[in-house]
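I sat down with this model and a fresh notebook page. Here is what I looked up, in the order I got to it.

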Amino acid sequence: MKQFFLFLAGGLFLILIQTMPVNFFFPNAVTPNLSLAFMIFVAIYYPSMGSWLLAFLLGYVLETFSGCPAGLLILVNLSILLLIRLTNRVMSFASLPSQLTLVFLLNILIGFLLLTVSQVVIKNPPGLIVPRVLVNSTLTTLLIMPLFAFYNKNSFMAEG
C-alpha cells in the first residue's frame, strides 16, 4: 500500500510538470510525455493489481488537465499496462537499453495516436508532425533515463 501511494505521488508530480504552461513562456517548445514514460515504468516494476488503479487515476488526472476527449488517456494508460504485461511474458525488459527503446517506441506510437485523434495529422503536413514527435520521444526518453538507471542499479545491488 505504501508503494502504491509513493507511485501515485510520483505520477502526480510528473503530470504536474508535464502540464505546466511551458508553451506560454517558450512558444513552439516540445513538452515531454512524462506520464507515459512513468506508466511504462510502473508496468515493468509494479506488477500488482494496484497498478491498474494507478493507471486509471493518472489517466483521469492527466485527462482533466489536458482537455483530451473523455476516456482517451485512461484507455491509453490501461492499454500500455496490458501491452507490457503481455509482452513481458515473451521478452524481458530487464536491461536499460530495452526499457529506453520501449519508452521511445511507445511514445512515438502514442504521439501519433493522440495527434490523429485530435485531427492535427489531417490539418498539418507530415514534414511538421514527424520531427516534432521524434524530438518529443527523444526528449522523453532522455528525461526518464535517470529513473530507469537508478532503479536498475538499486535492483542489481539488491540481487548482488
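**Entry 1: valine 61**

I began with valine 61, which is in contact with Leu12 and Ile15 once its neighbours within four places in sequence are left aside; contact here means heavy atoms within 4.5 Å. Valine 61 is found in helix H4. I take helices as DSSP runs of H or I with at least four residues, and strands as E runs of at least two, numbered from the N terminus. Along the chain, valine 61 and leucine 12 are 49 residues apart, yet their C-alpha atoms are separated by 8.0 Å. Valine 61 counts as partly exposed because its relative accessibility is 25%. My cut-offs are under 20% relative accessible area for buried, over 50% for exposed, and partly exposed in between, with a 1.4 Å probe and protein chains only.

A note on ground rules: this is a predicted model, so I ask for pLDDT of at least 70 for local features and 80 or more for side-chain atom pairs, while totals for chains, interfaces and linings use all residues. Residues are numbered from 1 along each chain as its sequence is written, and side-chain values use heavy atoms, with hydrogens and water left out.

**Entry 2: helix H3 and the core**

How many of the residues of H3 are buried? I found 12 of the 12, so H3 is largely enclosed by the rest of the structure. Among them are Leu34, Met39, Val42 and Tyr45. From first C-alpha to last, H3 reaches 16 Å, close to the 16 Å expected at 1.5 Å a residue; the expected span is 1.5 Å times one less than the number of residues.

Next I turned to the largest nonpolar core, where Ile40, Ile44, Ile80, Ile84 and Phe148 touch the most other members out of 34 residues. H1, H3, helix H4 (50-66), H5, H6 and H8 each give two or more residues to this core, and H3 has the largest share, 11 residues. A nonpolar core is a set of buried Ala, Val, Leu, Ile, Met, Phe, Trp, Tyr and Cys residues joined through side-chain atoms within 4.5 Å. I jotted down the usual background: in soluble globular proteins, nonpolar side chains tend to be buried together.

I also listed the partners of isoleucine 84: Ile40, Ala43, Ile44, Phe93, Leu102 and Leu106, not counting residues up to four places away in sequence.

**Entry 3: helix H6 and a neighbour**

The 22 residues of helix H6 (residues 96-117) should span 32 Å, and the end C-alpha atoms are 31 Å apart, which agrees. Buried residues in H6 include Ser98, Gln99, Leu102, Asn107 and Gly111. Is leucine 109 buried or exposed? Leucine 109, in helix H6, is exposed, with a relative accessible area of 53%. C-alpha to C-alpha, leucine 109 lies 13 Å from leucine 83, which is 26 residues apart from it in sequence. Just after H6, I noted that glutamine 119 takes a positive phi of about 65°.

From helix H8 I picked threonine 141. Threonine 141 is buried, with a relative accessible area of 10%, and it touches Leu100, Val103 and Phe104, not counting residues up to four places away in sequence.

**Entry 4: empty space**

I ran a 1 Å grid over the protein atoms alone: a cavity is a set of points where a 1.4 Å probe fits but cannot get out, a pocket is an open set with protein on both sides within 12 Å along at least five of seven lines, and lining residues have an atom within 4 Å of a point. Points are joined across faces, edges and corners, and a volume is the space filled by probe spheres set on them.

There is one cavity of 30 Å³ or more, and the largest holds about 50 Å³ of space. Its lining is Asn33, Ser35, Leu36, Leu62, Leu73, Val76, Asn77 and Ile110, with H5 giving the most, three residues.

The second largest pocket has a volume of about 220 Å³. Gln3, Phe7, Leu34, Phe41 and Tyr151 are among the residues that line this pocket. Which element gives the largest share of that lining? H1 does, with five residues. The lining of this pocket divides into nine nonpolar, two polar and no charged residues, where Ala, Val, Leu, Ile, Met, Phe, Trp, Tyr, Cys and Pro count as nonpolar, Asp, Glu, Lys and Arg as charged, and the others, Gly among them, as polar.
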